[in-house]
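This report looks at aromatic rings and the charges placed over them. Please view the sequence and structure first.

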Amino acid sequence: MRTIRHACSTAPRHRQIMLLDKIFHSAFDSSPIGQYLLAPTDGLEILAVNQAFLTSVSRTRAELQGHRLFEAFPNDPDDATGTGIQNLRRSIAAAIATGHSQSMEAQRYPIRMQADGRSWFEDRYWSATNTPIYDDDGALLCISHTTIDITARVRSEVLLRESESRLSAYVSATSDVLYRMSPDWTHMHELDGRGFLKTTRGWAEYRIEQYVHPDDLELARRHIRDAIDGKRQFELEHRVLRADGSPGWTYSRAVPLLDAQGDIREWIGSASDITERKLAELKLRDIDQRKDEFLAMLAHELRNPLAPISAAAELLLLADFDQERVRRTSEIIVRQVRHMTSLVDDLLDVSRVTRGLVELDNTALDLAQVVADAVEQAGPLIAARRQHLSIDLVPGALALSGDKKRLVQVFANLVHNAAKYTPEHGSIRIRAAMRDSDILVEVADDGVGMDAQLVDRVFDLFAQASVTSDRSSGGLGLGLSLVKNIVELHGGRVHCESPGPGLGSTFTVCLPCLERQSAAMPDLAPRPSVDIAGPLRVLVVDDNVDAADVLGMLLEAAGHAVTVAHDPLHALELARAERPDVCLLDIGLPRMDGNELARRLRTDPATAGALLVAVTGYGQAENRQRSHASGFDHHLVKPLDYATLEAILDGIHAGPRPAGSVA
């Protein structure tokens, strides 16, 4: 045994060195971490390099071993900001100077690459360590440079930072409230309420009562339970308590994040403030409901006069009908037609005013006369209900500039409204006074009054209080909307007050007393009069056969010679042949409208001097202007007021007539 031990102890030293060298080279070459050895000289010659490093830089051993480090791995000449060589030199120098390893974390060092005859630099990031290696006598043998390519990790971190930055920007830009919830919705992560909901800090207990409106608590709890049980998205529109305690609306949605076992890890959600949208929807729903009520009332109001008109027409068909009963029946028809016309005029007024198509005819006015005319219109209703009306106006100081017809309409509507909603023997008071440069007019009553909700929308289109089946206090809900729009057209304002149901109402109109000028339409040159003795030759043109025939019979009964046509081209032939004194033309004719027919009649020598009268259902200002420009002398709106037509026909014998007059 001693011999064996002696043999071992006396083994040649060079065999041990060879064994250690072999082990070193094997470990060095097979290491998964890139490594090379550098000579401790100014040139830093590469003494050895392992396969892991060769693979990471796509080089062969011959391309690196024996070459100077920075000749093998030069700087990118196009990269002015590159500091790879400087940083590596500094680290190696520190390792040599201190005798200790020097670490380099996440260093950017581009590597020159070559392929297919072209060369380029590729950005790489490295985590490296420079270690000095000494022999037994303390002499520096070499520097070991171990390096790990962390390019993929760095790029992932950059992408993650960019993603987080975009997410942060999105969170900052969105108006939504973002939140995180525990799996069972008992705790909520820090929440920025953005002034909409209550803000929380860190993880806090989630008390649903602090966020959800009491009326929607059970609904929200049920949807939350269903989402948790089904591990599916939570989604709900519901009312909330806003940060200031007021009610609001939100659209809330949250998605569950699941762990590897499929259990809910947490919830990520957002809550949008949809209060304005919901209020608008509710308002539109209310308007739609009032529109339906209005249409029902309109149908009722139109059927009422149609019933006596229909009955009167049936009576006229009966034989042996004495003259007195014919007269009474005709009066019924005329009266009911006027009532229907008034309803239609109200509708057209609202349309024209709300679309800004009304032009005011402003003149200097005395408010006392405007109020007197308005009271005269509402007088019959006040008298029928035996109500007491008092008028208190400041004498001599209430002058203003405005359209008299429209202002009379304003105050007639207000007085009529007061009378309609005030019981018999009630009181109505009209009072006016000056305030600075404004005139204030109050129309007050001690009638049924209004609740706050109705006061807020009393000037809206179709707005009404509750209407009973007898329609005693009904209406189309148009009057007060017209009042507001007409007053605002005059540069004024109107508001309503009521202490409550049964306590009366007060409407206050504020109008400026400054004069305003309105543009008047230029007068057109008068056309020469036609001296006609005896009956007139009248041409009636209307594609509505019944309307044309009835108008023709009325004119014949008045002693005129009448020709009726239903087609405009045929009407032109008849006009050239018969040379009528008067042409009554519908506007809405087929193939050629009444305006074009009027222009042709006006340019034809046979009919150039005839009186042209538009008889049409189109009564807006632009329709009248268009008919005047086409050559019409008068513009009458259906249903035709025959007394107005008679006055026009009688005026033919009275001398020159101005073109473009309006009846």
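What follows covers ring pairs, a cluster and charge–ring contacts in a predicted model.

**Ring pairs**

The count of aromatic pairs comes to nine. One of them joins F53 and W126: the ring centres lie 6.3 Å apart and the planes meet at 40°, so the pair is tilted. F53 belongs to helix α3 (residues 51-57), while W126 belongs to strand β6 (residues 125-134). The pair therefore ties together parts that are 73 residues apart in sequence. F53 is buried, at 4% relative accessible area. W126 is buried too, at 7%.

F459 and F507 make an edge-to-face pair. Their centres are 5.9 Å apart, with 85° between the planes. F459 sits in the loop between α13 (452-457) and α14 (479-489). F507 sits in strand β20 (residues 505-512), so this contact links parts that are 48 residues apart in sequence. F459 counts as buried because its relative accessible area, 12%, falls under the 20% limit. F507 is buried as well, with a value of 5%.

**Cluster**

Which residues form one aromatic cluster? They are Y179, W185, Y206, Y211, F234 and W267.

**Charges over rings**

Two tryptophan rings carry a charged side-chain end over them. The table gives each distance to the ring centre.

| Charged residue | Ring | Distance to ring centre |
|---|---|---|
| R118 | W120 | 4.5 Å |
| K278 | W249 | 4.6 Å |

Note on methods
Residues numbered from 1 in each chain as written. Predicted model: local features only at pLDDT ≥ 70, side-chain atom pairs only at ≥ 80, totals over all residues. Heavy atoms only, no water. Phe/Tyr/Trp six-rings, centres within 6.5 Å; stacked < 30°, edge-to-face > 60°. Helix = DSSP H or I, 4+ residues; strand = E, 2+ residues; numbered from the N terminus. Buried < 20%, exposed > 50% of the residue type's maximum accessible area, 1.4 Å probe, protein only. Lys NZ or Arg CZ within 6 Å of the ring centre and 35° of its normal.
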